[in-house]
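Here is a predicted model to read closely. One request follows, with one long answer.

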Amino acid sequence: MELRALHYFVTVAEELHFGRAAQRLRIVQPAVSQQISRLERELGVVLLERTSRRVRLTPAGERVLTAARETLAAAARVRVVAGEPAAALRIGVASCVTQRLDRALDRLRDSERPAEPELIDLPVTARLDAVRDGELDLALVRGAVAAAAVTVARAWTEPLHAVVARTHHAGGKPAVGLDDLDPRGLRLPARDSDPPLHDAILAVLPVAPVRPPAGDLLNVLFEVGRDPEGWTLIPAEQLTGAHSERLLQVPLDPPMTVDGHVITSLTTPGRCVASYVAAFAD
């Protein structure tokens, strides 16, 4: 039994779609199907029920999925114990630390190819340039990325929340609609602070901002906190765990989301890209 077959199976089980699994693994779909079929023959059980409309785990597949993940993690630990050092992995990030980032770092350390992450705080444009120039192994970016000479892979989706002052009329609500927020109170960071996220937020707004974007996120939050009608939009995870006496996060109704992407160089092997995406996925 090859570790590669287990890795393919885990990827298909997470995606429940052979095409998406092949994209994550950066291989053709028939190769994924062949490895899964070979694994099923070797184990003597059916792991996945396949129809023209969906793929789902069988009871045996659910049991094997747990064991396969444990086996891949154990293989990674064996390499470390045997003296294979964890490779340094330079990751370009924003300054905030989220639960997703913490969880991903643990996954990368325990993956089939263990890595020792090094976090490097850079503005978005500098992150993309550093990946392109080989100074970073990967970067994390929220929002659509249109950049040449890099590979862009969607890794997660998170909701956008409104951030308002505690005295704002929406502060005590379980959710708020954009139509219920005064357009004159909207503050946005300047586009050059985070172009992809800035554009993603503009795309969900029902009307163009009345005030021109200005400053960075910290200044925007300061302005929102002192304006009874002020508000802004941010990815929900960006302030997770943060506590403020002046600000509140309020979910949107209807919900609106932004995609998170893993950015790598064009020369990064497909299996590595797939493992990075899996580390940051939900």
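The answer starts at one residue and then widens to the whole chain.

Q: Please take a close look at aspartate 102: which helix holds it, and is it buried or exposed, or in between?

A: Start with the ground rules. Numbering runs from 1 along each chain as its sequence is written, and side-chain values use heavy atoms, without hydrogens or water. The model is predicted, so local features need pLDDT of at least 70 and side-chain atom pairs need 80 or more, while totals for chains, interfaces and linings use all residues.

Aspartate 102 sits in helix H5, residues 99–109. Helices here are DSSP runs (H or I, at least four residues), strands are E runs of at least two, and both are numbered from the N terminus. Aspartate 102 has a relative accessible area of 43%, so it counts as partly exposed. With a 1.4 Å probe and protein chains only, buried means under 20%, exposed over 50%, and partly exposed in between.

Now look along the chain. Phenylalanine 280 is 178 residues away in sequence, but its C-alpha atom lies 9.5 Å from that of aspartate 102.

Next, the wider setting. The domain assignment gives domain 1 (3–81) and domain 2 (85–281). Such bounds come from an automatic or database assignment. The two domain centres, taken over C-alpha atoms, are 31 Å apart.

Finally, the whole protein. It has nine helices and nine strands. Its C-alpha atoms fill a box of roughly 65 × 40 × 35 Å along the principal axes. Of its 282 residues, 46% are buried.
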